[in-house]
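Visitor: I'm new here, and I'd like someone to walk me through this one. Can we go through it bit by bit?

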Amino acid sequence: MSNQDLFSKRLKLLRITYGLSMKTLADVWGYKNTGTISQFENNKSSPSFNRLIQVANFYAVALDWLVGRSNIIYTRSEEHTSEL
C-alpha cells in the first residue's frame, strides 16, 4: 500500500473516529463544499504541505503517521522542542 493510500485511509479513519461529517471538516478547513475532503479520502487528490500540517494538528497526530511514514500515531511533546 502506498503512502498516499495510507493517508486517504487514515484521514477517513480519523474523521469517522471523531464523529465528524465531511461537511463539518469542509467548514472548519475553509472549503466551499465536501468535494475536496471526499477527494482526499478517496485518493483522488493530495493536500498541500500546509494542509497536511493543519490536519495533523487538528487531530493531534504525528505527521509521519498521517502520511504513512510511521505506525506511531502520537508523539511525545518533548520531541517537538528540539531546535534546528
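Here is a short chat about a few residues in this predicted model.

Visitor: Let's start with Glu41. Is Glu41 buried or exposed?
Guide: Glu41 sits in helix 3, which covers residues 35-41. Its relative accessibility is 7%, and the cut-off for buried is under 20%. So Glu41 counts as buried.

Visitor: Which side chain does the side chain of Glu41 join in a polar contact?
Guide: Setting aside neighbours within four places in sequence, Glu41 touches Ser8, Leu11, Lys12, Arg15 and Met22. One of those contacts has a polar contact between side chains, with a distance of 2.5 Å. The partner of Glu41 there is Arg15.

Visitor: On to the rings. What kind of pair do Trp29 and Tyr59 make?
Guide: The structure has five aromatic pairs. For Trp29 and Tyr59, the ring centres are 6.4 Å apart and the planes meet at 90°. Planes over 60 degrees apart get one particular label, so this pair is edge-to-face.

Visitor: How many residues apart are Trp29 and Tyr59?
Guide: This pair ties together distant parts of the chain. Trp29 belongs to helix 2 (residues 22-29), while Tyr59 belongs to helix 4 (residues 49-59). Along the chain, they are 30 residues apart.

Visitor: Is Tyr59 buried or exposed?
Guide: Its pair partner Trp29 has a relative accessibility of 4% and counts as buried. For Tyr59 the figure is 2%. With the cut-off at under 20%, Tyr59 is therefore buried.

Visitor: And what is the angle between the planes of Tyr31 and Phe40?
Guide: Tyr31 and Phe40 are both buried. They form an edge-to-face aromatic pair, 6.2 Å from centre to centre. The angle between their planes is 75°.

Visitor: Which residues form one aromatic cluster with Trp29?
Guide: We've already met one of them, the pair partner of Trp29, whose ring centre is 6.4 Å away. The rest of the cluster brings in another Tyr and a Phe. So that you have the whole list, the residues clustered with Trp29 are Tyr18, Phe58 and Tyr59.

Visitor: Last one: how far apart are the C-alpha atoms of Val55 and Leu14?
Guide: Val55 lies in helix 4 and, at 2% relative accessibility, counts as buried. Beyond its neighbours within four places in sequence, Val55 is in contact with Leu11, Trp29 and Leu66. Val55 and Leu14 are 41 residues apart along the chain, and their C-alpha atoms are separated by 9.9 Å.

Conventions:
Residues numbered from 1 in each chain as written. Predicted model: local features only at pLDDT ≥ 70, side-chain atom pairs only at ≥ 80, totals over all residues. Heavy atoms only, no water. Helix = DSSP H or I, 4+ residues; strand = E, 2+ residues; numbered from the N terminus. Buried < 20%, exposed > 50% of the residue type's maximum accessible area, 1.4 Å probe, protein only. Polar contact = N/O pair within 3.5 Å; in protein donor to acceptor, adjacent residues only side chain to side chain. Contact = heavy atoms within 4.5 Å. Phe/Tyr/Trp six-rings, centres within 6.5 Å; stacked < 30°, edge-to-face > 60°.
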